[in-house]
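Trainee: I should like to learn how to read a structure of this kind in an orderly way. Where should one begin?

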Amino acid sequence: MAFREKIAWLTLAGFALAYGYYFFIAGPAVGFGEGRLAAIPSAFAPAAVAHAIVMAVGAGALALAARRDANTKPDERDRAIDRRATSIAYGLMMVGVIIVGVVAPFSEPAFKIINASLALIVVCEAIRQVMIIVGYRRGFSG
């Protein structure tokens with residue numbers, strides 16, 4: 001398995017653990033900030049910190065286990081896979097931004113817009129990581 005694919009798997013697992021915690025445990029516990037927007041950062045921050053820790057420790061462990069691969073610059077295939085994954089996620093992000101940032105302010109309360117924005121970022125980055133994994137698994141190179 002390619003080093004960058006391992007990082008994508010790690011990122012995806014970190015997202016599932018950290019942001020799964022926010023969207024299924026911490027967020028509902030504070031009503032996702034309904035009536036008290038200040039509750040959103042206090043519920044979301046631990047998830048973001050947990051994700052950062054998972055990524056730092058996990059990426060460090062992967063880099064130590066495969067030092068040569070970790071120090072290798074991305075080749076044309078790596079860049080093509082990343083470019084394709086990013087373009088797919090970006091397209092979805094733009095659709096979401098239009099809905100959350102342009103349409104929702106006229107019909108939804110602030111706490112829903114904030115949480116929808118956070119969910120949009122998490123989902124689009126998770127899709128990007130899935131597309132990177134698919135790119136390596138299916139051998140996409142162009």
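Mentor: Begin with the secondary structure. In this predicted model, the protein chain has five helices and zero strands. Read from the N terminus, its elements follow the order α-α-α-α-α.

Trainee: What does the C-alpha trace of the protein chain span along its principal axes?

Mentor: The C-alpha trace spans about 50 × 30 × 20 Å. As for contacts, among those in the protein chain with a separation of 6 or more, 83% join residues 24 or more positions apart.

Trainee: How many of the residues of the protein chain count as buried?

Mentor: Of its 142 residues, 34% count as buried. The surface should be read alongside that value: the chain exposes about 8300 Å², and carbon and sulfur atoms supply 69% of this area.

Trainee: How should the nonpolar core be read?

Mentor: The general idea is that, in soluble globular proteins, nonpolar side chains tend to be buried together. Here, the largest nonpolar core holds 22 residues, of which Tyr19, Tyr22, Phe23, Leu118 and Ile132 touch the most other members. Two or more residues of this core come from each of helix 1 (3-29), helix 2 (39-65), helix 4 (76-103) and helix 5 (110-138).

Trainee: Which residues does Tyr22 touch, not counting those up to four places away in sequence?

Mentor: Tyr22 touches Gly27, Pro28, Phe32, Ile40, Ala43, Phe44, Ala47, Asn115 and Leu118. One of these, Leu118, is itself among the core residues that touch the most other members.

Trainee: Is Glu5 buried or exposed?

Mentor: One compares the relative accessibility with the cut-off for burial, which is under 20%. Glu5 has a value of 4% and therefore counts as buried. This residue is found in helix 1, and its side chain makes a polar contact with the side chain of Arg137 (2.6 Å). Beyond its neighbours within four places in sequence, Glu5 is in contact with Ile133, Tyr136 and Arg137.

Trainee: Why is Trp9 classed as partly exposed?

Mentor: Partly exposed residues lie between the limits of 20% and 50%. Trp9 is placed there because its relative accessible area is 40%. Trp9 is also found in helix 1; outside its neighbours within four places in sequence, its contacts are Met1, Ile133 and Arg137. Trp9 and Gln129 are 120 residues apart in sequence, yet their C-alpha atoms are 7.3 Å apart in space.

Trainee: How many charged side chains are there, positive and negative?

Mentor: The protein chain has 14 positive and 9 negative side chains. The centres of the two sets lie 5 Å apart.

Notes: Residues numbered from 1 in each chain as written. Predicted model: local features only at pLDDT ≥ 70, side-chain atom pairs only at ≥ 80, totals over all residues. Heavy atoms only, no water. Core = buried A, V, L, I, M, F, W, Y, C linked by side-chain atoms within 4.5 Å. Buried < 20%, exposed > 50% of the residue type's maximum accessible area, 1.4 Å probe, protein only. Helix = DSSP H or I, 4+ residues; strand = E, 2+ residues; numbered from the N terminus. Contact = heavy atoms within 4.5 Å. Polar contact = N/O pair within 3.5 Å; in protein donor to acceptor, adjacent residues only side chain to side chain. Areas by Shrake-Rupley, 256 points an atom, 1.4 Å probe, with all protein chains shown as cover. Lys, Arg positive; Asp, Glu negative; His and termini not counted. Charge placed at Lys NZ, Arg CZ, Asp CG, Glu CD.
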